[in-house]
Amino acid sequence: MSNPTRRRHVLDLDDVDAGEISAILETARSMQEVLGRLIKQVPALRGRTVVNMFFEDSTRTRISFEVAARALSAAVINFSARGSSVEKGESLIDTVRTIEALGADVIVIRHAEAGVPHLVAQAFGGSVINAGDGRHAHPSQALLDLFTIQARFGTIAGLHVVIVGDVTHSRVVRSNLWGLTAMGARVTLVAPATLLGPAAFWRAIWPTVTVTTDLDRAIAGADVVMALRLQQERQDAGLLPSLGEYRRRYAITAERLARAAPHAIVMHPGPMNAGVEITPEVATTAQSVIEAQVANGVAVRMALLYHLAGEA
């Protein structure tokens with residue numbers, strides 16, 4: 001598991017090119033082999049300390065980062081904002097400096113406000129991994145999505161990926177757009193107009209991306225169909241007429257999936273709203289790789305930690 005020129009932080013995929021993505025995915029394959037052993041641990045990060053700072057609730061991401069760090073033999077500290085000095089009025093940056101003084105090498109941070117991981121990276125002497133900030137970015141999710149796609153097809157280049165759902169509020173979309181376009185995929189974004197945002201915005205940053213409100217047309221011949229979580233608060237905000245109307249036009253059903261390529265796979269970053277974004281029969285079909293995404297998250301996050309903090 002050779003480590004290429006080490007980067008210091010992973011805050012998004014906008015500064016990660018195809019070569020580096022490929023190197024991370026290759027390392028993830030090696031880490032997957034480690035996880036398949038009877039003893040699922042290697043000493044790559046022995047003596048290093050990883051601090052998980054999650055200011056938003058999380059199950060998959062937090063646990064997979066913890067499992068990943070332990071599998072690399074790192075010491076793991078799970079920081080809780082509840083009852084901490086932050087809750088008592090201490091600034092986040094002062095807390096980060098305290099954590100650094102206590103010997104942290106890597107901070108994995110999730111925060112409701114966009115840009116917080118970048119702020120932390122400026123103050124912290126070690127490495128920072130963005131585990132999701134506001135609607136801005138979620139790079140490790142995008143990398144595990146890329147890994148899952150590549151594992152199924154052997155390549156990402158030339159595939160047609162349709163991403164459908166609450167596009168405008170999704171941090172998963174933005175990081176996936178950087179990663180998928182860097183790796184040569186063709187991407188179509190699909191959502192109701194109220195959850196899509198101006199097409200000009202997306203095309204100004206990603207000129208090759210197609211933007212549409214017509215899922216039935218977009219899904220035709222697609223290789224990958226990725227549904228996004230519909231954030232229920234958007235309905236309360238009046239951005240949707242009803243959940244029933246959303247299901248009728250945008251849920252991934254068996255009939256709709258039949259329009260995609262016969263080999264198409266279905267993805268979802270989780271958590272799912274059962275029966276809203278995807279029908280139960282599609283979520284559990286052989287074309288679904290949703291469980292594989294969760295499992296692959298550990299190997300990919302091991303690879304990220306290794307590339308940042310492992311021996312060169």
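Two strands are said to pair if DSSP finds at least two bridges between them. In this predicted model, strands β5 and β8 meet that condition, because four bridges connect them and two are the minimum. Their pairing is in the parallel sense. The report starts from this pair and then moves outward to the rest of the structure.

## The five-stranded sheet

β5 and β8 belong to an open sheet of five strands, arranged in the order β7-β6-β5-β8-β9 with parallel pairing. At the edges stand β7 (210-212) and β9 (265-267), each of which pairs on one side only. From one strand to the next, the twist averages 20°.

Strand β8, residues 224-227, is also joined to β9, by three bridges, and these two strands run parallel. Individual residues show how β8 is held between its neighbours. V161 has V224 of β8 as its bridge partner, and V224 in turn stands opposite I265 in β9. For V225, the bridge partner in β9 is V266.

Which residues of β8 are buried on one side, and which on the other? V224 and M226 are buried on one side, while V225 and A227 are buried on the other, so that both faces of the strand are covered.

## Helix α6 and residue N176

Helix α6, residues 171-182, packs on this sheet and touches β5 (160-164), β6 (186-190) and β8. The direction of α6 makes about 160° with that of β6.

N176 lies within helix α6. Is this residue buried or exposed? N176 has a relative accessible area of 1%, and because buried means under 20%, it counts as buried. Leaving aside residues up to four places away in sequence, N176 touches A142, D145, I163, T181 and M226. One of these contacts, M226, is also among the buried residues of β8.

## The four-stranded sheet

A second part of the description concerns another open sheet. Four strands form it in the order β2-β1-β3-β4, and the pairing is parallel. Its edge strands are β2 and β4 (127-133), each pairing on one side only. Neighbouring strands of this sheet are turned by 15° against each other on average, with direction ignored.

Within this sheet, β1 and β3 run parallel and are joined by five bridges. The bridge partner of N52 in β3 is V108. Helix α4, residues 116-123, lies across β3 and β4 and runs at about 165° to β4.

I107 is located in strand β3, which covers residues 106-111. I107 is buried, since its relative accessible area is 0% and the limit for a buried residue is under 20%. Not counting residues up to four places away in sequence, the contacts of I107 include V51, M53, V96, I99 and V120. F124, S127, V128 and I129 are also touched by I107.

How far apart are I107 and T181 in sequence and in space? They are separated by 74 residues in sequence and by 28 Å in space, taken from C-alpha to C-alpha. T181 is one of the residues that N176 touches.

## Buried residues with a stated accessibility

| Residue | Relative accessible area | Place |
|---|---|---|
| I107 | 0% | strand β3 |
| N176 | 1% | helix α6 |
| S73 | 16% | loop between α2 and β2 |

## Two features of the backbone

S73 is found in the loop between α2 (60-71) and β2. The phi angle of S73 is near 70°, a positive value in a residue other than glycine. S73 counts as buried because its relative accessibility of 16% is under 20%.

A cis peptide bond joins G270 and P271, with omega at about -10°. P271 is placed in the loop between β9 and α12 (280-283).

## The second largest pocket

The second largest pocket holds about 250 Å³ of space. Twelve residues line this pocket, and the closest to its centre are F54, E56, D57, S80 and A81. β1 (49-54) and β2 (75-79) each supply at least two residues of the lining.

How many residues of the lining are nonpolar, polar and charged? The lining of the second largest pocket divides into four nonpolar, four polar and four charged residues.

How values were computed. Residues numbered from 1 in each chain as written. Predicted model: local features only at pLDDT ≥ 70, side-chain atom pairs only at ≥ 80, totals over all residues. Heavy atoms only, no water. 1 Å grid on protein atoms, 1.4 Å probe; cavity = no way out; pocket = protein on both sides within 12 Å on 5 of 7 lines; lining within 4 Å. Points joined across faces, edges and corners; volume = space filled by probe spheres on them. Nonpolar A, V, L, I, M, F, W, Y, C, P; charged D, E, K, R; others polar. Axes fitted to C-alpha atoms, helices over the stretch in contact; angles between N-to-C directions. Contact = heavy atoms within 4.5 Å. Buried < 20%, exposed > 50% of the residue type's maximum accessible area, 1.4 Å probe, protein only.
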